[in-house]
Amino acid sequence: MAGVLRRAIYPAARHAITEISRPIAFRASQAMTAHVGAGSGGRVGGWAVRSPPQDIPFAVKGLQHIAIAVPDLSVAAEHYRSVFGAQVSQPDHVDLKVTKVFVQLPNVCIELLHPMGQDGPVAEFLKNNPNGGIHHVSFAVDNINSAACYIGEAGVGSIPTGNPNIGASYKSEMFLQPKDNMGVLIQLQQITNRSRARV
């Protein structure tokens, strides 16, 4: 009798465990690629999917880069090149008192940041995080003026950077207050022919 029960219960239990663990990643990937009509909601693979509001006057075109502050720029660049096989740019000295190295992977750009002096936002970040870490994430948008107005009206603050304009009427980038974005420093960049990522 015990053998009969074992043969009947074990396959069912194994199937239940498999079904509990396997669909989670499957449903997540479905939700990420699901298309639900604007303003509507639905369920895809067990996940609730909500579309963005229809009145947002700008579009996020994708992830522009992930910026990582590092205590040693050459060591970090060589790590990404030799360990992950990434293309690595030459160091680029920019304003905000930082040096950048662009690390290109197939579907994302990583921006390694290192301060040129003892002050500035990246230097302050490394004082609090001496081993380095993610400094900010950057989204590409199609209209930074519209984004600035809409986000400001939504109560999300911005951080002045002093970076020059790329045109007469719009800025190339803006940073949003981490306290208004669940602790994440978010950069918005308008991607035009004159402001493409240098990778």
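In the predicted model, the second largest pocket is lined by Ile56, Phe58, Ala59, Val60, Phe139, Tyr150, Ile151, Ala154, Val156, Leu176, Ile186 and Leu188. Two elements, helix 4 (144-153) and strand 11 (186-190), each give two or more residues to this lining. The volume of the pocket is about 300 Å³. Sorted by class, the lining comprises 12 nonpolar residues, with no polar and no charged residues. The search for such spaces rests on a simple principle: rolling a probe the size of a water molecule over the atoms shows where empty space is left.

Helix 4 also has a buried side. Its buried residues are Ile144, Ala147 and Ile151. These residues cover an arc of only 55 degrees around the axis, and they therefore lie on the same side of helix 4. They pack against strand 8, strand 10 and strand 11. Ile151 thus appears both among the buried residues of the helix and in the lining of the second largest pocket. The face of helix 4 turned away from the buried side carries the exposed residues Cys149 and Glu153. Cysteine 149 counts as exposed because its relative accessibility is 51%, the cut-off for this class being over 50%.

A similar description can be given for helix 3. This helix spans residues 121-128, and its buried residues are Val122, Ala123, Phe125 and Leu126. Viewed down the axis of helix 3, the buried residues fall within an arc of 160 degrees, so they line one face of the helix. Their packing partners are strand 3 (60-69), strand 6 (98-105), strand 7 (108-115) and strand 8 (133-141). The exposed residues Lys127 and Asn128 are carried by the face of helix 3 turned away from its buried side.

Two of the strands that pack against helix 3 were examined through single residues. Cysteine 109 is found in strand 7 and counts as buried because its relative accessibility is 6%, where the class requires a value under 20%. Although cysteine 109 and isoleucine 66 are 43 residues apart in sequence, their C-alpha atoms are 6.6 Å apart in space. Glutamine 104 lies in strand 6. With a relative accessibility of 25%, glutamine 104 counts as partly exposed. The C-alpha atom of glutamine 104 is separated by 9.3 Å from that of arginine 81, a residue 23 positions away along the chain. A search of the whole structure for disulfides finds 0.

The loop between strand 10 (173-176) and strand 11 contains methionine 182. Methionine 182 has a positive phi of about 55 degrees, although it is not a glycine. Its relative accessibility of 78% is the reason why methionine 182 counts as exposed.

Across the whole protein, there are 4 helices and 11 strands. Of the 199 residues in the protein, 31% are buried. Among contacts with a separation of 6 or more, 51% are accounted for by residues 24 or more positions apart.

Conventions. Residues numbered from 1 in each chain as written. Predicted model: local features only at pLDDT ≥ 70, side-chain atom pairs only at ≥ 80, totals over all residues. Heavy atoms only, no water. Disulfide = S-S within 2.5 Å. Buried < 20%, exposed > 50% of the residue type's maximum accessible area, 1.4 Å probe, protein only. Arc of directions from axis to C-beta. Contact = heavy atoms within 4.5 Å. 1 Å grid on protein atoms, 1.4 Å probe; cavity = no way out; pocket = protein on both sides within 12 Å on 5 of 7 lines; lining within 4 Å. Points joined across faces, edges and corners; volume = space filled by probe spheres on them. Nonpolar A, V, L, I, M, F, W, Y, C, P; charged D, E, K, R; others polar.
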